[in-house]
Amino acid sequence: MKELQRDILQCIGNTSLVPLRNIVPRNGARILLKLENENPTGSMKDRMALAMIEAAEADGRLKAGGSVVEYTAGSTGVSLSLVCAVKGYPLHIVSSDAFAQEKLNHMKTLGARLQILHSESGSMTEKLTKDMMEAAGIIAGKTGGFLTDQMNNKDSIAAYHKMAEEIWTQADGHVDGFVQGVGTAGSIRGNAEGLRRHNKQIKIVAVEPSESPVLSGGQPGAHKIDGIGAGFVVPLWRKDIADQIERVSTDDATAMALRLAREEGLFGGTSTGGNVVAALRLAEQLRPDATVVTIMCDTGMKYLSKL
């Protein structure tokens, strides 16, 4: 029986780790999925949102009576909306019609004030990302609000060190590979650092949209995998984070998200689908008794209008 919690923020983290039973590599290796949909808003971003706000409170960047500003594809915005609602900070969000309407509605329901930028054909592009960042900076300048600035905020990394410790413990130390898509790069960086503290030989694989493969040296382009693929090399990214980078198309990520729902009962979004596509590729490269861990980034309920 779980103990009584002080508030909903105490329910962030300590999510389940489960094996895939039907969608498995041909060589018999094991793929484990970290169910971040179990967090209060159904997203791994709850971890980073809480970490960014608490760090700013601790060092005085965010004071009582202050407000918060962020640009977001949705999940970080929803998570910040939750944290700010609990802590009593007004929140200004810059997002776009490129992202799932469910996320925009969720932010509004939690009390955030939204500015929505128009996108090109409903796709994520480098220009859209940078336009959102600029708009958020203007709002922060006008309101005096604290700009969490997720693309540049290193406070998020510590949140994923904690996730890595959970993974290591839940897998009984049997982790040979870790796979994660790159949005801000905070998650893959934090998990990679945390897991390598236990085993420097763990193979880390980054996932990016094949339509916009900038981390692997390609050209930026438009894609529809929410939450990853900013269209430029994000500030928190470092080349030594990943041993290899896998390109996954929007179509393949979407198809895998649907397979996970229908064959495993695990309903995630396109970023989760992309993670599993790449995890299968990595598992095939490793020995049959290997274990690969990847992330169910959030619940597919956020993407019902897009899948």
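Good morning. Before turning to the first pair of helices, I should state that an axis here is a line fitted to C-alpha atoms, taken for a helix over the stretch in contact, and that angles run from 0 to 180 degrees between N-to-C directions. The structure under discussion is a predicted model.

I begin with helix H5, residues 155-170, and helix H6, residues 186-196. Their axes lie 7 Å apart, and the two helices pack at an angle of about 50 degrees. H5 is therefore oblique to H6. The crossing in which H5 passes H6 is right-handed. On the H5 side, the contact is made by Ser156, Ile157, Tyr160, His161, Met163, Ala164, Glu165, Ile167 and Trp168. On the H6 side, the residues are Gly186, Ser187, Arg189, Gly190, Asn191, Glu193, Gly194 and Leu195. By class, this contact of H5 with H6 comprises seven nonpolar, seven polar and three charged residues.

H5 also packs with helix H1, which covers residues 45-59. Here the angle is about 135 degrees, and the axes are again placed 7 Å apart. Is H1 oblique or roughly parallel to H5? An angle counts as roughly antiparallel only when it is over 145 degrees, so H1 is oblique to H5. H1 passes H5 in a right-handed crossing. H1 contributes Lys45, Arg47, Met48, Ala51, Met52 and Ala55 to the contact, while H5 contributes Asp155, Ser156, Ala159, Tyr160, Met163 and Glu166. The residues of this contact of H1 with H5 divide into seven nonpolar, one polar and four charged. Ser156, Tyr160 and Met163 of H5 thus appear in the contact with H6 and in the contact with H1.

The third pair is H2 and helix H3, the latter at residues 101-109. These helices pack at an angle of about 15 degrees, with 9 Å between their axes. H2 is therefore roughly parallel to H3. Their crossing is left-handed. In the contact, Ser75, Gly77, Val78 and Ser81 of H2 meet Lys103, His106 and Met107 of H3. That contact has two nonpolar, four polar and one charged residues.

I turn now to the empty space in the model. Rolling a probe the size of a water molecule over the atoms shows where such space is left.

What volume does the largest pocket have? The space in the largest pocket is about 330 Å³. This pocket is lined by 15 residues, and those closest to its centre are Ile12, Arg47, Leu50, Glu54 and Lys162. H1 and H5 each provide at least two residues of the lining. H5 gives the most, with five residues. The lining of the largest pocket consists of six nonpolar, three polar and six charged residues. Arg47, one of the residues closest to the centre of this pocket, is also part of the contact between H1 and H5.

The second largest pocket has a volume of about 220 Å³. Its lining is made up of Lys2, Gln5, Gln10, Cys11, Ile12, Gly13, Asn14, Thr15 and Glu38. By class, these are two nonpolar, five polar and two charged residues. Ile12 lines this second largest pocket and is among the residues closest to the centre of the largest pocket.

How many cavities of 30 Å³ or more are there? The count is three. The largest cavity holds about 360 Å³ of space. Of the 34 residues that line the largest cavity, Lys45, Gly183, Thr184, Gly227 and Ile228 lie nearest its centre. At least two residues of the lining come from each of helix H2 (75-87), helix H4 (126-143), strand E7 (177-181), H6 and helix H8 (270-285). H6 gives the most, with three residues. The lining of the largest cavity divides into 13 nonpolar, 17 polar and four charged residues. Lys45, nearest the centre of this cavity along with the others just named, belongs to the contact of H1 with H5 as well.

The second largest cavity contains about 60 Å³ of space. Among the residues lining the second largest cavity are Val182, Gly183, Glu208, Pro209 and Phe232. Its lining comprises seven nonpolar, four polar and one charged residues. Gly183 lines the second largest cavity and is one of the residues nearest the centre of the largest cavity.

Key:
Residues numbered from 1 in each chain as written. Predicted model: local features only at pLDDT ≥ 70, side-chain atom pairs only at ≥ 80, totals over all residues. Heavy atoms only, no water. Helix = DSSP H or I, 4+ residues; strand = E, 2+ residues; numbered from the N terminus. Parallel < 35°, antiparallel > 145°, perpendicular 65-115°, else oblique. Left-handed = near helix turned anticlockwise from the far one by under 90°. Contact = heavy atoms within 4.5 Å. Nonpolar A, V, L, I, M, F, W, Y, C, P; charged D, E, K, R; others polar. 1 Å grid on protein atoms, 1.4 Å probe; cavity = no way out; pocket = protein on both sides within 12 Å on 5 of 7 lines; lining within 4 Å. Points joined across faces, edges and corners; volume = space filled by probe spheres on them.
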